[in-house]
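Biologist: Please take a close look at one part of this chain, namely the salt bridges and the helix that carries them. I would like the cut-offs stated along with the values.

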Amino acid sequence: MASNKPAPEAPSAYELDDRGAFAGPGYAGGDAEFDGDGPWEEWDPTEGSVRPVRGKHRVAKQRGGGLARSGTVLGVGVIAAVGAGGMASAEDRPPVPISMPDVGGMVHDLADSLPDAASLPGVGALISDSGGHSATSADSATSAAATSAADESGPSRSTAPTDASGSGDGAGEALRSRILQQADVQQGAAEEETREAAAVKQAAVEAAAAKKTAEQAETAKKAAEQEAKRKAEEAARQKAEAARLAELAKSFLAPVSSYTLTASFGQAGDRWAADHTGQDFAAPTGTPVKAVHSGTITQAGWAGSYGYRIVLTLDDGTELWFCHLSSMVKTSGKVSTGDVIGRVGATGNVTGPHLHLEVRPDAGSPIDPMPWLRDHGVNV
């Protein structure tokens, strides 16, 4: 395909003659006649001949409410659009005449022939007197505000002035009353909310106090129940102990019926090599000495500083020593509770007649006889 030849420059609109025809070389009436004939070839707009559209075409903004005065501007725009669209002419194609009227001049001619805007019906009243328009708008706005305020405030404010001189004061008073009314409502709502919050808080405090009181009452109740239970258990224990001691009292008794307690267990003295190892029951010589509990006599005879002594061994292995006897009634064999086994005397290392009683659990070291006797129901 042959390359496209550039199109000739279009004539300006100002090159028209008096008849409205183009004047110039190559046109009718110009220096040379344009016959419109020539060699023509088929035009194929392909990628090789059409240029891609690039960029954005920016059109200048019209200002002043008029159109562009120069027709040349429109001609240039058309040429630019043609170039951007990728149009091309075939080789040896004759130039195409383009006729563009003077649009700018036409606009000015039309503008001169139009009537004045102030003389148009319905328009002149709007733009003729700006002060009157503002006053009318202000009067309308004031009347509307006064009417709205009167409707919302009630009959007591229906007599507010609505004329041009007092409409501002009436509208302001109505607005002020409405604002005060809304403020009162909001303040009342805030006070009500405060009272409700205080009531909720007070209720929470009272509920907490009631809960604490209930907990304290429950704790006191449990403590009282535990104390009553403890006392009941203690009473039951004491009762059981009394029953046990009563039963034991039938099988345990004091070694002598009539006596006076003198030297006690652990007491120090110059008459003993060590502290006193038993309990002394002072009684007249010959006072019967009884078996504290049933058992077996395992020893009987002279024992040095103890004088005459009888050893009674109980069933649990405890040994009872009866010392300083004046005589021994039984020296061997089994005896029962209350059997007379000897008599009070003053033999051995003594200062007067008495019974020296020792208690030795499991035939070991001596212990205090008084607690042992009490634990076995003997009231001494």
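Modeller: The answer below goes from the chain as a whole to the salt bridges of one helix.

This is a predicted model, in which local features need pLDDT of at least 70 and side-chain atom pairs count only at pLDDT 80 or more, whereas totals for chains, interfaces and linings use all residues. Residues are numbered from 1 along each chain as its sequence is written, and side-chain values use heavy atoms, with hydrogens and water left out.

The chain contains 6 helices and 9 strands; these are DSSP runs numbered from the N terminus, helices being H or I with at least four residues and strands E with at least two. Of the 380 residues, 22% are buried, where buried means under 20% relative accessible area, exposed over 50%, and partly exposed in between (1.4 Å probe, protein chains only). The accessible surface of the chain is about 25200 Å², and carbon and sulfur atoms account for 56% of that surface; the areas come from the Shrake-Rupley method with a 1.4 Å probe, and for residues only the protein chains shown count as cover. Among contacts (heavy atoms within 4.5 Å) between residues at least 6 apart in sequence, 61% join residues at least 24 apart.

Side chains of opposite charge can pair when their charged atoms come close. The rule applied here requires a side-chain nitrogen of Lys or Arg within 4 Å of a carboxyl oxygen of Asp or Glu, and it yields 5 salt bridges. Among them is the pair Glu173 and Arg176, with an N to O distance of 3.7 Å. Both residues belong to helix α5 (residues 167–249), where a spacing of 3 residues separates them by about one helical turn. Glu173 is partly exposed at 42% relative accessibility, and Arg176 is partly exposed at 47%.

Helix α5 also holds Glu192 and Arg195, again 3 residues apart, or about one turn of the helix. Their side chains form a salt bridge at 2.5 Å, N to O. Glu192 has a relative accessible area of 35% and is partly exposed; Arg195, at 48%, is likewise partly exposed.

A further pair in helix α5 is Glu234 and Arg237, which lie 3 residues apart, about one turn of the helix. The salt bridge between their side chains has an N to O distance of 2.6 Å. Glu234 is partly exposed with a relative accessibility of 28%, and Arg237 is partly exposed with 46%.
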